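Student: I would like to learn how to read a fold summary. Can we work through one together?

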Amino acid sequence: MSANGYVLYLHGFRSSPKSFKARVVQKAMADAGRAHALICPQLPASPKAAMDLALLLAERHAPGNLSIIGSSLGGFYATWLAERLDVPAVLLNPSVNPLKSLEHHVGLTTAWHSDEPFEFRREYIDELAALRVERITKPERYFLLAATGDEVLDYRDMVAHYAGARQHVIEGSDHAISEFPRYVDEVLSFCAGAGVVQGTPQ
């Protein structure tokens, strides 16, 4: 990605652009004078609708001018987009196979950053199945940041799924990667090329 490239940030299930990691990325890019280059939409609950929106936003800038950061379910989405658009992607504790883990969320639920309920429908599981990437085609396209202390997902599944990709396995930590400000430089350097994005928080 060039110095003028864009970053598409995809949040996780029940999350939003107000999530901790999204805000860290927002601040880092703002500090670097590149706030305009961050695309961070609120994703619909429907996986198909979420990817329709992400594709609409991504195709304005890809190929060659876009990278993707995906957290948890957003990492699952980011992988599908990276394969489709041939763009680099950073996966933050990504969900490798969310079909089973989201089965018990079918029905009414709420987002982390809002009390407003939304419905996660049974057909969304089938929509997720249609987006699953069984095997990545270009490992060099990906950078995995995974925490061994993730209490929601098993980091070993992530390491295996992204075999051959650049990987940074954090000993301990948690699903949210509470120490993410320590790693945001590394993430944005992968997106934009070493030395392109500066001024990120330590």
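Tutor: We take the sheet, then burial, then salt bridges. This is a predicted model, where local features need pLDDT of at least 70, side-chain atom pairs count only at pLDDT 80 or more, and totals for chains, interfaces and linings use all residues. Residues are numbered from 1 along each chain as its sequence is written, and side-chain values use heavy atoms, with hydrogens and water left out.

Student: In what order do the six strands of the open sheet lie?

Tutor: Strands (E, at least two residues) are DSSP runs numbered from the N terminus, as are helices (H or I, at least four). Two strands pair if DSSP finds at least two bridges between them. Here the order is β2-β1-β3-β4-β7-β8, with parallel pairing. β2 (38-39) and β8 (166-170) are the edges, each pairing on one side only. Inside the sheet, four bridges join β4 (89-92) to β7 (142-147); L92 has L145 as its bridge partner.

Student: How much of the chain is buried?

Tutor: Buried means under 20% relative accessible area, exposed over 50%, partly exposed in between (1.4 Å probe, protein chains only). Of the 202 residues, 51% are buried.

Student: Which parts does the salt bridge between R141 and E83 tie together?

Tutor: A salt bridge puts a side-chain nitrogen of Lys or Arg within 4 Å of a carboxyl oxygen of Asp or Glu. R141 and E83 meet at 3.0 Å, N to O. R141 lies in the loop between α5 (123-131) and β7, and E83 in helix α3 (73-85), so the pair ties together parts 58 residues apart in sequence. R141 is buried, at 7%.

Student: And K27 with D31?

Tutor: Their closest N and O atoms are 2.8 Å apart. They sit four residues apart in helix α1, about one helical turn. K27 is partly exposed at 45%, and D31 is partly exposed at 41%.
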